[in-house]
Amino acid sequence: MLVLFLGSVAALFLPARRSLVFGACCALLAAATACWPEPPGAAETPLIATHLFARGCTILWSLFGASACLLAGRYRRGSRLPGPEFAALTLFTVLGMAILSAATSLVSLFLGLETMTLGFYILIAFDRQNPTGAEAGLKYLLPGLVASALLAFGTALVFTATGTFALPDAVTLSMAGASMHGIALLGWTLILCAVAFKASLAPFHLWTPDVYQGAPAPVTALLASGSKGAVFAVLLSSAPIALLLPMRPLLTGLAALSMIVGSFAALPQTNLKRMLAYSSIVHMGYLVLAVLVGGDSGLKTGLFYLISYAAATLAAFGLLASLSEDGEEPQQYAALEGLARRSPWRAAILGGALLSLAGFPPMAGFMAKMVLFTSSLSAGFRELVILALLSSLVSCYYYMRPILAMFRRSPIQGCLLPPSLTEGVVLGLWSIIMLTGGFYPEPIFLWIASLVP
């Protein structure tokens, strides 16, 4: 975390042409330091955990941040994104994600969430030449303020009921007695609603499509993968089954509503980023299943699903970033027509990402859904699994529409601008993870198992 903080400060003093690469290197260095074994006798801090799961999450968020920096080169060359400020804010946002996923206190939970969100407030509206950027920033700001207020009020109520900010102690004291204390139950409900805002679970999802559409593609990639991943990481690691029992009706309702609303809202879309925004709501509903399962099983299956979803999402938005010219992104399906002929490998990456999100074998998304749905079925959530299967069936339609558009004949002729080396590295990395996660997922499962005590 110290590497991320110092890197975010140092990036401001670098030339624009070097700042994005420096930001990516700092993020990779943070990931490397998180791989170091914990020194013997290291003490747990009262706010931040240093166990393997927290450091594993830091590795993931750092990789996501490095990808965002490397994908922003086209925007910087078009003078639409000031490089030093973008790299500094990206590292600062990744720092918030790392704090959030390692939080052991309600105080650090609040600080991590607000640190992450503060960076996104600026990054989403960073492209001042984009007429929809300011609107997207405002639409993320207002729900973010509501979520911050809910989180603050919920924290205050939980502290009133338990007398502690420590997450494990607060959960234990909340469950003291035959049923959860009324004040504590209200506090945890408000905290869950705040988390639902950040994760764009229905009915707290209204900001999502406009923000996805208006933000630059590298920012959207980090928002869709890292911010939601960090939110669910703290849910998966900090919500024991004892706490989930009183909250199960609310979580079940959020999951079901997210699957239904996201699926039907994605069907009529003709804008790729808006379609991916609505489909992300569905995937967040799937991840609530992992939270409901709880325990080591829910943690492992949820983290594997997060990795497979993030790989496909980063590949899809990274592909859009590589197709952009002077900051203009081909968002409409019509703009993708003829892509299979003009750039076959780019069409293959985008098609693979969409097929993985839909859950087609042999992509990682298929394996992730199979593992998650099987675990949920074994835990007794039969109705939610049936609904998840139906929503996956519906998703085949809206994921196939842009794929078919890429194979249509287009009046636009000529070749596209070649991708840069950094774009090729990012797209290649996440494409490999998408494929290996479906063909040979054992290394990912083994790594996840090493993070779970």
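This report walks through a predicted model of one protein chain, from its overall build to single residues.

## Overall build

The protein chain has 453 residues. Its secondary structure comprises 20 helices and zero strands. Along the principal axes, the C-alpha atoms fill a box of roughly 70 × 50 × 40 Å. The radius of gyration is 21 Å. A compact globule with 453 residues would have a value near 22 Å, so the chain agrees with that expectation.

Contacts in this chain often link distant parts of the sequence. Take the contacts between residues at least 6 apart in sequence: 81% of them join residues at least 24 apart.

## Surface and charge

Buried residues make up 59% of the protein chain. The chain exposes about 17300 Å². Carbon and sulfur atoms supply 72% of that exposed area.

The chain carries 23 positive and 17 negative charges. The mean positions of the two groups lie 8 Å apart.

## The largest nonpolar core

The largest nonpolar core holds 159 residues. Seven of its members touch the most other members: W61, F120, I124, W188, F232, M275 and L276. Helix α14, residues 295-323, gives the core its largest share, with 18 residues.

I124 deserves a closer look. Set aside its neighbours within four places in sequence, and I124 is in contact with G133, A136, G137 and Y140. I124 also contacts V211, G214, A215, P216, V219 and L223.

## A buried valine in helix α13

V282 sits in helix α13, which spans residues 272-293. Its relative accessibility is 1%. The cut-off for buried is under 20%, so V282 counts as buried.

What does V282 touch beyond residues up to four places away in sequence? Its partners there are S258, M259, G262, S263, S391 and Y398. G262 is one of these partners. The C-alpha atoms of V282 and G262 are 5.1 Å apart, although the two residues are 20 residues apart in sequence.

## A buried glycine in helix α7

G144 lies in helix α7, residues 133-162. G144 has 4% relative accessibility and therefore counts as buried. Leaving aside neighbours within four places in sequence, G144 is in contact with Y121 and K198.

A348 gives a longer view across the chain. G144 and A348 are 204 residues apart along the chain, and 36 Å separates their C-alpha atoms.

## The loop between α9 and α10

Helix α9 covers 182-199 and helix α10 covers 208-214. The loop between α9 and α10 contains S200. The phi angle of S200 is near 55°, a positive value in a residue other than glycine. Is S200 buried or exposed? S200 counts as buried, because its relative accessibility is 0%.

P203 is also found in the loop between α9 and α10. A cis peptide bond joins A202 and P203. Its omega is about 5°.

## A cis bond between two prolines

Another cis peptide bond runs from P361 to P362. Omega is near 5° for this bond. P362 is found in the loop between α16 and α17. Helix α16 covers 344-358, and helix α17 covers 364-378.

## Two residues with more access

I432 is in helix α19, residues 421-439. Its relative accessible area is 54%. The cut-off for exposed is over 50%, so I432 is exposed. I432 and A311 are 121 residues apart along the chain, while their C-alpha atoms are separated by 9.0 Å.

Where is H51 found? H51 is in the loop between α2 (16-35) and α3 (52-71). H51 is partly exposed, because its relative accessible area is 34%. H51 and A152 are 101 residues apart in sequence. In space, C-alpha to C-alpha, H51 and A152 are 26 Å apart.

How values were computed: Residues numbered from 1 in each chain as written. Predicted model: local features only at pLDDT ≥ 70, side-chain atom pairs only at ≥ 80, totals over all residues. Heavy atoms only, no water. Core = buried A, V, L, I, M, F, W, Y, C linked by side-chain atoms within 4.5 Å. Buried < 20%, exposed > 50% of the residue type's maximum accessible area, 1.4 Å probe, protein only. Helix = DSSP H or I, 4+ residues; strand = E, 2+ residues; numbered from the N terminus. Contact = heavy atoms within 4.5 Å. Rg over C-alpha atoms; globule rule 2.2 N^0.38 Å. Areas by Shrake-Rupley, 256 points an atom, 1.4 Å probe, with all protein chains shown as cover. Lys, Arg positive; Asp, Glu negative; His and termini not counted. Charge placed at Lys NZ, Arg CZ, Asp CG, Glu CD.
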